[in-house]
Amino acid sequence: MADIYWNKKFETATTDELRKHQLQLLKEKVKFCYENTAFYRNRLKSAGISPSDIKTLEDAQKIPFTVKDDLRDNYPFGMLAVHLDNIVEIHASSGTTGNPIVGAYTTNDMDVWAELMARSLYATGVRRQDVIHNAYGYGLFTGGLGFHYGAQKIGSTIIPVSGGMTQRQIKLMKDLGSTVLCCTPSYAIYLAEAMNKEGVDPRKDLKLKIGNFGAEPWSERIRERIENDLGIEAFDIYGLTELCGPGVSVECNKHNGLHIWEDHFLVEIIDPKTGDVLPAGEEGELVFTPLTKTGFPLLRFRTRDISVIETEKCDCGRTHSRMMRIRGRSDDMLIIRGVNVFPSQIEYVIMGFPELAAQYQIILDRPEALDVFTIKAELTEQTSKSTQEELNVLKRRIRQKVNNITGLSPIIELVKPGEIPRTVGKAKRVLDLRSGKI
Ligand code: DLL
């Protein structure tokens, strides 16, 4: 049993031990932020809080939230708590608008990140003897190097293939005997399609057994497709540049949520509208306070990611709280003719149709007063040979299913296999052409 944990002491600590440990770190972190960053000193002062006011974990709720715009406004180094000389690596995520979000790491931050990635990979069954095909992008994006550092800490063999050149990726997986695939879930689907086209049977021709997928929302149905098409067990892994990159939480082989490494992160779930803290089991926005970060510390960082926290112990023996699969981002939520729709709801419907491939796009436009909502979905090779009448029936069934979930009746456009552009990194599923129109 001990063999399933990378760090048994922390992964199975009692809740009491964990909370005590968190409180100690929280007190130190608030004091550290207050003393070392003008940003937090001002924030805490204007909220009338001094570090000595933090006496319990609940006292964290007195601290104002930090939001993405705070990071953008203080770009690039305004929130550093150490001299730049102590920063040994910098990553960034592009975001959608304005300045990128920068993650700056001290040596200590790098050690913690590698430890958490090793712990995460280990929880999914990765061991020293594994060969890891790492198709996350290397560079400013935290995916490539985050997995790299974790794999090296375990002592596995890492293939830093990065994104792109899909045919070569398949050849390398075959020739080098890769046992673990790490990439975005949308790229895993793309790889599976490409293998199919080239006549490569992953079950016969490859040694893959584990997949570590994250960096974008994906659904249970995508998991089923990936597991089925690649013959592997697929794990969900979560993280963000602001906190370290991947390695904040991961699924174990029970697949009932992602264990948040609570000895390094204090997690809260809030109502995104009111900011009120919600109890376990309720859906809301994830808020994290990294407890061990030193270069770029954050207090109560609002992620905009929507999830649910469960606190009861998992059958794997790990005691840390679990976050359920990310439902979407609060800023991803689409308002279509006044109705709130998450792209994940559409994905759920599309993935339920075996007649469709796993590629789709949501297109929103407003040529006149009303929103026009179109779902473009790709047919499989087989169904692309259907008659127009069969396709019309299929369209009606898809429209009905979307209507059952959202109350909206989109235009369904069915396109030939391969017509929707593929991405090697995060998928772009929504095309919103409405901005600036009426
Ligand atoms: O995407 C870090 C990462 C790399 C995680 C590789 C997992 C694997 P950012 O580019 O800063 O960092 O984007 C972070 O991506 O706030 C979520 O909205 C989304 N995201 C990350 N992991 C998941 C996941 C990396 N497992 C943003 N499920 C986050 C759903 C995810 N969304």
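Which polar backbone atom lies 2.7 Å from a nitrogen atom of the ligand? In this predicted model, the atom belongs to Ile-237. A second polar contact places a ligand nitrogen atom 2.8 Å from an N or O atom in the side chain of Asp-236. On the oxygen side, an oxygen atom of the ligand is found 2.6 Å from an N or O atom in the side chain of Asp-305. The protein buries 95% of the 610 Å² that the ligand exposes when taken alone.

The ligand is surrounded by 21 residues, of which Asp-236, Ile-237, Thr-241, Asp-305 and Arg-329 come nearest. Sorted by class, this shell consists of ten nonpolar, six polar and five charged residues. At least two shell residues each are supplied by helix H6 (142–154) and strand E7 (233–240). Strand E7 gives the largest share, with five residues.

The domain assignment divides the protein into domain 1 (1–330) and domain 2 (334–432). The centres of the two domains, taken over C-alpha atoms, are 30 Å apart. Their contact involves 20 residues from domain 1 and 22 residues from domain 2. The size of an interface is often given as the accessible area lost when the parts come together. Between domain 1 and domain 2, the buried area amounts to about 1800 Å², with carbon and sulfur atoms giving 53% of it. On the domain 1 side, the residues that lose the most area to domain 2 are Arg-221, Arg-225 and Arg-327, which together account for 37% of what that side buries.

Conventions: Residues numbered from 1 in each chain as written. Predicted model: local features only at pLDDT ≥ 70, side-chain atom pairs only at ≥ 80, totals over all residues. Heavy atoms only, no water. Near = heavy atom within 4 Å. Polar contact = N/O pair within 3.5 Å; in protein donor to acceptor, adjacent residues only side chain to side chain. Areas by Shrake-Rupley, 256 points an atom, 1.4 Å probe, with all protein chains shown as cover. Helix = DSSP H or I, 4+ residues; strand = E, 2+ residues; numbered from the N terminus. Nonpolar A, V, L, I, M, F, W, Y, C, P; charged D, E, K, R; others polar. Domains from an automatic or database assignment. Contact = heavy atoms within 4.5 Å. Buried area = accessible area lost by both parts, 1.4 Å probe.
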